[in-house]
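Thanks for sharing this one with me. Here are my notes, point by point, for you to read alongside the coordinates.

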Amino acid sequence: MAANNKKSAWQLTPAELDWADGMPVSRQFGDIYFSTTDGLAETRHVFLAGNDLPQRWQSHPASTFTLAETGFGSGLNFLATWQAWTQHAQKDGWLHVISIEKHPLRPADLARAHAAFPELEPWAALLQAAYPPLLRGHHYRRWEDHRISLHLVFDDALQALDELLDGPGIDTPIVNAWFLDGFAPKTNPELWQQPLFERMRALSAADATLATFSAAGDMRRALQAAGFTVERQPGFGHKRHMSRARVNPEHPHHSNAAASWHLPLRNTHRAPRSAIVIGAGIAGLSTAHSLALRNIPVTVMAPADSEAARASGNRHGILFHRLSPGNAELARFSQQAFIYSSHYYRHAAAQGLLPKDCLINEGMLQLAPSDEQAAQWQQLCDDYADAAGLAHWLTADDASAIAGLPLPGPALHWPGSATISPTAICDALLHHPRITRINAEADQLQRVNEQWQVLDTHGNILATADVVVIACGTASQRFTQTQWLPFKPLRGQVSHVPANKHSENLRCAVCHDGYITPSTDNLHCVGATFDLNDDNNAVTHESHRDNLAQLEQHWPAMHKALGSNSEQLDGRVGFRYTSPDYLPAIGPVPDEHAFGEQYASLAHNARQIPEGDAPMLPGLYLNTGHGSRGFTYAPLAAELLCAFILGADRGIDPEVCRAIAPARFLARSIKRNNP
């Protein structure tokens with residue numbers, strides 16, 4: 001294959017290391033990652049004590065304490081902080097860490113660096129298991145049993161902070177403590193410049209502190225000019241001084257008045273006393289569970305067994321993603337969600353937060369539908385060479401060894417994928433002490449005295465709460481506030497095919513234009529149809545034939561071995577809820593009439609951004625339209641919803657947030673009327 005010299009949008013430059021007495025040294029910057037005397041003691045002295053941690057955690061008024069770091073490096077600061085959090089955190093507190101790294105370590109180098117600190121091994125093992133593939137952009141992780149989350153950004157620090165400023169950071173500053181870390185100012189001046197410090201100041205809460213090992217005069221003066229009050233303190237080891245800083249409340253800071261239709265109303269963020277989630281599928285239950293983890297009582301409202309009409313009631317689900325050479329918003333959201341859900345389900349199952357049988361089989365193999373597609377995938381795997389663990393192009397023999405059965409050709413292997421049990425996951429998410437379920441159908445929403453009331457078809461009030469999240473799939477357009485959504489239901493039928501002595505050797509899901517899963521209870525799931533303009537909720541022989549025909553086309557030997565008669569199969573019909581651009585709707589619900597008035601100028605100039613905040617309905621949110629990828633998308637979508645509701649840091653970049661904002665459809669409708 002000819003070499004492709006064009007750099008992928010996902011590619012970055014990993015850290016290149018030399019090793020001296022087991023300690024990593026950067027080739028790019030010619031500097032050490034931590035003190036050769038005692039790196040852990042240095043971290044505790046400079047960054048933890050320099051920010052008065054963990055003492056501040058005990059008296060912090062909010063449930064979430066946010067810490068940000070300008071150089072993730074080997075992760076030593078994060079691990080030391082995690083250890084201290086485990087030992088000293090408040091029972092109901094949550095630690096959120098934002099860390100930026102332009103040149104991340106490869107996984108093997110990360111593990112080698114951690115080996116120098118055996119007392120951190122329990123936390124290092126968890127971080128290594130969660131460490132994302134080396135792909136440029138945003139990566140989010142959550143360890144709910146430790147009440148800690150990590151937003152790791154592999155990118156330039158200035159770019160990353162600009163993206164954080166797009167979120168809630170301007171009017172709801174989020175960072176309580178800064179670790180100003182990185183290689184020495186002389187070797188890496190980009191991390192010590194005033195524009196960077198100005199963005200840090202803009203993101204800083206009123207109580208924000210900062211600590212760094214450097215005491216360079218230029219650095220201290222730049223911090224002061226950016227809005228920090230700086231003082232020198234005794235340094236660690238042979239270093240005479242380090243620096244500590246606090247936010248200067250009298251110093252003006254950067255502000256952003258541009259309208260953003262992906263954000264809730266400004267200055268309305270506060271922890272709600274109660275929330276209602278309408279919908280008991282994976283989107284709704286993931287949202288309810290994430291809110292409950294933030295100590296918010298949640299009522300989940302749905303008719304009894306309502307999830308049986310949607311994909312959350314399928315026997316099997318597959319964590320699915322497609323490789324993309326570009327980084328358009330759909331590709332970015334899909335990739336970030338896939339990588340996050342891959343870790344989330346595994347960690348939750350390993351820790352007993354989800355039942356172990358929720359993961360039926362590990363990995364997935366994807367057969368190429370054509371030679372042209374196979375060549376493209378092989379090239380993409382070469383482009384993604386540094387993203388260890390994401391996807392691998394395998395020969396037919398190697399892929400067959402993983403599948404447990406002979407495959408008809410080479411395949412793309414996704415080790416992070418899995419075949420899952422939707423029912424086991426949904427049941428586990430629902431059973432949280434702060435979640436209550438009401439078996440009723442929501443029909444109307446009305447806002448009274450700054451709270452939302454949910455009413456049934458007779459006008460009776462079913463529940464009242466500060467916040468409502470609509471996450472009920474095909475029923476999401478039922479409400480007056482969301483009737484304008486352009487989503488449509490898409491029928492899908494899965495065929496339940498009996499296994500035999502040959503087929504039961506299948507070890508992982510095999511996807512093509514359809515899929516087949518490993519057997520459980522002596523049944524394979526083969527599917528699924530995509531039936532446009534078909535509202536038939538009954539299982540049909542025609543759809544069984546379509547599913548089996550797909551299998552025969554792409555894996556004829558398996559089709560022959562199963563020998564199934566479509567007239568004798570059982571199956572299940574569900575309806576995916578899909579958008580015109582294939583992206584879900586996640587975020588605040590706009591006021592349709594007020595939005596149309598404020599943004600009417602878009603009909604004449606599609607690029608104009610009107611001044612002022614986009615008009616949103618306070619406390620009303622959407623999490624819907626996940627199509628056939630609900631179990632892949634829902635975990636990250638739920639965390640994003642929590643960030644919107646609480647005014648916290650989001651785990652994904654702002655362009656993606658705009659791309660999935662519900663208000664995008666109203667804006668596009670106005671633009672289409674351009675004369």
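1. Let me begin with Arg244, which counts as buried because its relative accessibility is 18%, and the cut-off for buried is under 20%. Please keep in mind throughout that this is a predicted model. Arg244 belongs to strand S11, which covers residues 241–247.

2. What surrounds Arg244 beyond its neighbours within four places in sequence? Its contacts there are Ala49, Gly50, Asp52, Leu210, Thr229, Val230, Glu231 and Gln233. For Gly50 there is a further detail you may like to look at: a polar atom of the Arg244 side chain lies 3.0 Å from the backbone oxygen of Gly50.

3. Next, a sheet. Six strands form an open sheet with mixed pairing, in the order S18-S13-S12-S22-S29-S28. Which strands stand at the edges? They are S18 (435–439) and S28 (585–590); each has a single partner strand, so one side of each is left without a neighbour in the sheet. On average, and with direction ignored, neighbouring strands of this sheet are turned by 25° against each other.

4. At the S18 edge, the pairing can be followed down to residues. Strand S13, made of residues 298–302, pairs with S18 in the parallel sense over 5 bridges. Val300 has Arg437 in S18 as its bridge partner.

5. On to the cysteines. How many disulfides does the structure hold? The count is 0. Why is Cys381 without such a bond? The closest cysteine sulfur, in Cys511, is 15 Å from the sulfur of Cys381, which is too far for a bond; a disulfide would need the two sulfur atoms within 2.5 Å. Cys508 is in no disulfide either, and its nearest cysteine sulfur, again that of Cys511, is 8.9 Å away.

6. Are these two cysteines buried or exposed? Cys381 counts as buried because its relative accessibility is 11%. Cys508 counts as buried too, because its value is 1%.

7. Finally, a word on confidence. The protein chain has an average pLDDT of 90, and 95% of the residues score at least 70. Over residues 1–5, however, pLDDT stays under 50. The model has 6 contacts beyond four places in sequence for residues 1–5. Where pLDDT is low, the predicted coordinates should not be read in detail.

Terms used:
Residues numbered from 1 in each chain as written. Predicted model: local features only at pLDDT ≥ 70, side-chain atom pairs only at ≥ 80, totals over all residues. Heavy atoms only, no water. Buried < 20%, exposed > 50% of the residue type's maximum accessible area, 1.4 Å probe, protein only. pLDDT = per-residue confidence, 0-100. Contact = heavy atoms within 4.5 Å. Pairing = 2+ DSSP bridges. Helix = DSSP H or I, 4+ residues; strand = E, 2+ residues; numbered from the N terminus. Axes fitted to C-alpha atoms, helices over the stretch in contact; angles between N-to-C directions. Polar contact = N/O pair within 3.5 Å; in protein donor to acceptor, adjacent residues only side chain to side chain.
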